Amino acid sequence: MWDGSFCGAISCRWQVGTPDLPPTCLGHIGYTVVSWKRQRGFATRALAQLLPLARAEALPYVELTTDVSNVASQRVIEANGGTLIEQFTKPASLGGAQSLRYRIQLHEKAGA
């Protein structure tokens, strides 16, 4: 993310040919915005711009996770069509925090 200077980063992770996640990832997309540029819409716009790229890779959906306490991230995901699918506990190796998993559907489900 860039506005003339560094604002943050966003990435998409998946296993080629399948929507499966790499074994070390909890979600397909991860993002971060530097603290002094938060609440300016950078993450919302970056996620919106990344979704067509994920769609072009034929991913039927992407899943994103965020801590229960991260209301700003929840708003970013929901603004981009994310639907809450579960609350879960992260593995201890990833901090063990209570987290939320959202899904953004990229292609219509077969038979829908």
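Which helices and strands each supply at least two residues of the lining of the largest pocket? Hi everyone, let's work through that together. Please keep in mind that this is a predicted model.

The answer is a mix: strands β2 (29–33) and β3 (61–67), along with helices α1 (42–56) and α2 (71–79), each give at least two lining residues. The pocket itself has a volume of about 640 Å³. It is lined by 28 residues, and if you want to find its centre on the screen, look for Tyr31, Thr32, Thr66, Asn70 and Ser73, which are the closest to it. Sorted by class, the lining has eleven nonpolar residues, ten polar ones and seven charged ones.

Now, β3 also takes us to a sheet. β3 belongs to an open sheet of three strands, in the order β3-β5-β4, and the pairing is antiparallel. β3 and β4 (83–89) are the edge strands, each pairing on one side only. From one strand to the next, the twist averages 25°. Let's zoom in on one pair: β4 and β5 (residues 98–105) run antiparallel and are joined by six bridges. For an example, find threonine 83, whose bridge partner in β5 is arginine 103.

Last topic: disulfides. A disulfide is a covalent bond between the sulfur atoms of two cysteines. How many does the structure hold? Zero. Why does cysteine 12 not form one? Its closest cysteine sulfur is in cysteine 25, and that is 9.8 Å away, so the two are too far apart for a bond. For comparison, the cut-off for a disulfide is sulfur atoms within 2.5 Å.

Thanks for listening!

Terms used. Residues numbered from 1 in each chain as written. Predicted model: local features only at pLDDT ≥ 70, side-chain atom pairs only at ≥ 80, totals over all residues. Heavy atoms only, no water. 1 Å grid on protein atoms, 1.4 Å probe; cavity = no way out; pocket = protein on both sides within 12 Å on 5 of 7 lines; lining within 4 Å. Points joined across faces, edges and corners; volume = space filled by probe spheres on them. Helix = DSSP H or I, 4+ residues; strand = E, 2+ residues; numbered from the N terminus. Nonpolar A, V, L, I, M, F, W, Y, C, P; charged D, E, K, R; others polar. Pairing = 2+ DSSP bridges. Axes fitted to C-alpha atoms, helices over the stretch in contact; angles between N-to-C directions.
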